[in-house]
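Good morning, and thank you for coming. I would like to take the group through one model, moving from salt bridges to cavities and then to the surface.

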Amino acid sequence: MSTTIWGINVGTHDSSITSVVDGEIVFAAHGERSSRIKNDKFLPEQTIRQTLRASGGIPDRIVFYERDMWKRARQLWAGQYKTAFTKPLVTSLLPLRDEMEFSDKFITLLDGLPTHSTAHHHSHAAAGYYTSPYREAAVLVIDSIGEWETLTIWKGKGTELKRVFSQGYPNSVGLWYSAMTQRIGLKPNEDEYILMGWAALGDPDKYKKRIFDDFFYPLDQNSPKIRFRQNLHRGCKDWAPELNSVQDYADLAAGTQAVYEYVFKHLVKQTKRLVDSDNLVVMGGCALNCVANSIAYEMYNGNVWIMPNPGDAGSSLGAVLGLQREFINWEGPYLGYNIPGAYPVNNAVKELKITGIVGIANGKAEFGPRALGNRSLFADPRGVDVKDKVNTVKRRQEFRPFAPVILEEHANEYFDGPTGPYMQYTSKCKDPEQFPAIAHLDNTSRVQTVNKKQHLGLYNLLTKWKKETGCPMLLNTSLNIKGEPMVDTEADAKRWQDTYGVTVLTEESK
Amino acid sequence: MIKWIKKKIVEWKYKRKVKKKLKDLAKKDPFIYD
């Protein structure tokens, strides 16, 4: 008899659901993709229906991400009285905001099912370790706040995952990074990746020391503890009010990123000291900082695993794995809603040769923040106007670069440094003048490599593109516009095509 | 009795002041994370 377990993250931000049937991930998706509300905290009816369909019925048990009461206790301690007292119980938030009929039916359906919960950082650690290729590893989790924990280090050996260090609220590296994101006029808890990109435009040395001295106590070389001079839960909008020009903001972004890298390096070093292992798993929202990830990659000689959805959305999977305490077969991040049909290789190449830009929405949607081929907007990376063209379509800031996707066997010819299939590291572009759209101002690129096993359709597309143009790579960005969730279904793809005037292919037509 | 009433008024004023302060703070600097 098969066992179905659902992991659910709902109620705070980035809602998601994962269904694991007999130890295999059969479906995993973000709520925002169906509700079309960025970082939606509710799980929409459509996502739940998709999960029911993929699982073949209701689950045998449900695991919620986070310990609700622990979190409320912290919220009370922090002064978030309204949230702590008025937030409905997680289980009642499960369904949706306005489709109460379905909600009631759904709750009745689940009535009596055993429910569990996995703590915030334990879920992160489990999502990373149990999907990794390692059977022993050090696990470093850095994020804003869970229930109380903000930074943890774990030791994984066999199926056992043991916490060896924990740091609690209000000392939080993630909160500080979000506070700095808000300080330079961006949206905290959402636009951190823009700060990372903006950093390349500024001088990192100008404010690095000031930022560190004003916010951090000196680092202790014998402990991973990071102590802050103030609680940054309400941001730091009033800090250094005289710095308010665009260049100041760029310098602040650069300084912030430089300080983060310094702190991250310290944490990786301390992880190495505390856990004797050649392998490292990095998780938590901070693991999306691909510039810093490259530091860990170097320090562990490439033996680093970052689950492609390391933030809170990925923890619906972590919640299940934290309960199961077993390794799971990780085949890739293509786990969401399926658009059937052959991957549109010929049509895409044809469109790229005519217009230079094409969208593809085909196969299972990616579970994670990056579009890795199935909900992607591709463009010819050669030429000076490509970046502006795609940025205009996507309504993004001009300075922001795009990522390249390249055939794995050609990656070393064009890039120098760590690369991987999930766009998690940055490497130097060897010829930025020929490919200005995929190289940042500091000539780095966030490279996605592809081989036959990872994604046959995308591999064939790049092979055909190389055969016809001599270029083995394409610009790859998510099929959305700034501030919108990625396209999910055929209907979304059609709407996107009609609104933004770029052809979106959902299957190969004859 | 008068003493008790006076004490209650002081308490009430204090609570009102704290509540207002928290409200202003939330308006000026809301929490950036739940």
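**Salt bridges, spaces and a surface patch**

Let me begin with Asp251(A), which is buried, with a relative accessible area of 2%. Please keep in mind throughout that this is a predicted model.

Which partner does the side chain of Asp251(A) meet in a salt bridge? The partner is Lys206(A), and the N to O distance is 3.4 Å. This pair links distant parts of the chain, for Lys206(A) belongs to helix H10 of chain A, residues 204-215, while Asp251(A) belongs to helix H11 of chain A, residues 246-274. The two residues are 45 residues apart. Is Lys206(A) buried or partly exposed? Lys206(A) has a relative accessibility of 46% and therefore counts as partly exposed. The acid of this pair, by contrast, is buried at 2%.

Helix H10 of chain A also holds a second pair, Asp213(A) and Lys209(A). Their side chains meet in a salt bridge with an N to O distance of 2.6 Å. Because Asp213(A) and Lys209(A) are four residues apart in this helix, about one helical turn separates them. Asp213(A), at 33% relative accessibility, counts as partly exposed. Lys209(A) is exposed, with a relative accessible area of 60%.

I turn now to helix H3 of chain A, residues 68-78, where Arg72(A) and Asp68(A) are likewise four residues apart, so that about one helical turn lies between them. Arg72(A) and Asp68(A) form a salt bridge, and their closest N and O atoms are 3.0 Å apart. Are these two residues buried or exposed? Both Arg72(A) and Asp68(A) are buried.

How many salt bridges does the structure hold over all chains? The total is 17. I would add one network of salt bridges, in which Arg36(A), Asp492(A) and Arg495(A) are linked.

One further buried position in chain A deserves a word. Tyr129(A) is placed in helix H7 of chain A, which covers residues 120-129. Its relative accessible area is 0%, so Tyr129(A) counts as buried. Between the C-alpha atoms of Tyr129(A) and Ala493(A) there are 34 Å, and along the chain these residues are 364 residues apart.

Next, the enclosed spaces. A search of the whole structure finds one cavity of 30 Å³ or more. The largest cavity has a volume of about 60 Å³. Its lining consists of 13 residues, and those nearest its centre are Ala287(A), Leu288(A), Pro308(A), Arg370(A) and Gln424(A). What is the lining of the largest cavity by class? Ten of its residues are nonpolar, two are polar and one is charged.

Let us now look at chain B. This chain has 34 residues, of which 9% count as buried. It contains one helix and zero strands. The C-alpha trace of chain B spans about 45 × 15 × 5 Å along its principal axes. Chain B exposes about 3500 Å², and carbon and sulfur atoms supply 66% of that area.

Both chains take part in the second largest pocket, whose volume is about 330 Å³. H4 of chain A and H1 of chain B are the elements that give two or more residues to its lining. The lining of this pocket has 13 residues, with Gln80(A), Lys82(A), Thr83(A), Ala26(B) and Phe31(B) nearest the centre. By class, this lining divides into six nonpolar, three polar and four charged residues.

Finally, I come to a nonpolar patch on the surface. Which residues form this nonpolar patch? They are Leu76(A), Tyr81(A), Phe85(A), Tyr14(B), Val18(B), Leu22(B) and Leu25(B), and together they have about 650 Å² of accessible area. Helix H4 of chain A, residues 81-86, and helix H1 of chain B, residues 2-28, are the elements that give two or more residues to the patch. H1(B) gives the most, with four residues.

Leu22(B), one of the patch residues, lies in helix H1 of chain B. Why does Leu22(B) count as partly exposed? Its relative accessibility is 31%, and the partly exposed class runs between the 20% limit for buried and the 50% limit for exposed.

That concludes my presentation, and I would welcome discussion.

Methods:
Residues are numbered from 1 along each chain as its sequence is written. Chains are lettered from A and ligands numbered from 1 in the order in which they are written. This is a predicted model: local features need pLDDT of at least 70, side-chain atom pairs count only at pLDDT 80 or more; totals for chains, interfaces and linings use all residues. Side-chain values use heavy atoms; hydrogens and water are left out. Patches are made of residues with over 30% relative accessible area and no salt bridge: like charges are joined within 9 Å, nonpolar side chains (Val, Leu, Ile, Met, Phe, Trp, Tyr) within 5 Å. Accessible areas come from the Shrake-Rupley method with a 1.4 Å probe; for residues, only the protein chains shown count as cover. A salt bridge is a side-chain nitrogen of Lys or Arg within 4 Å of a carboxyl oxygen of Asp or Glu. Buried means under 20% relative accessible area, exposed over 50%, partly exposed in between (1.4 Å probe, protein chains only). On a 1 Å grid over the protein atoms alone, a cavity is a set of points where a 1.4 Å probe fits but cannot get out, and a pocket is an open set with protein on both sides within 12 Å along at least five of seven lines; lining residues have an atom within 4 Å of a point. Grid points are joined across faces, edges and corners, and a volume is the space filled by probe spheres set on the points. Ala, Val, Leu, Ile, Met, Phe, Trp, Tyr, Cys and Pro count as nonpolar, Asp, Glu, Lys and Arg as charged, and the others, Gly among them, as polar.
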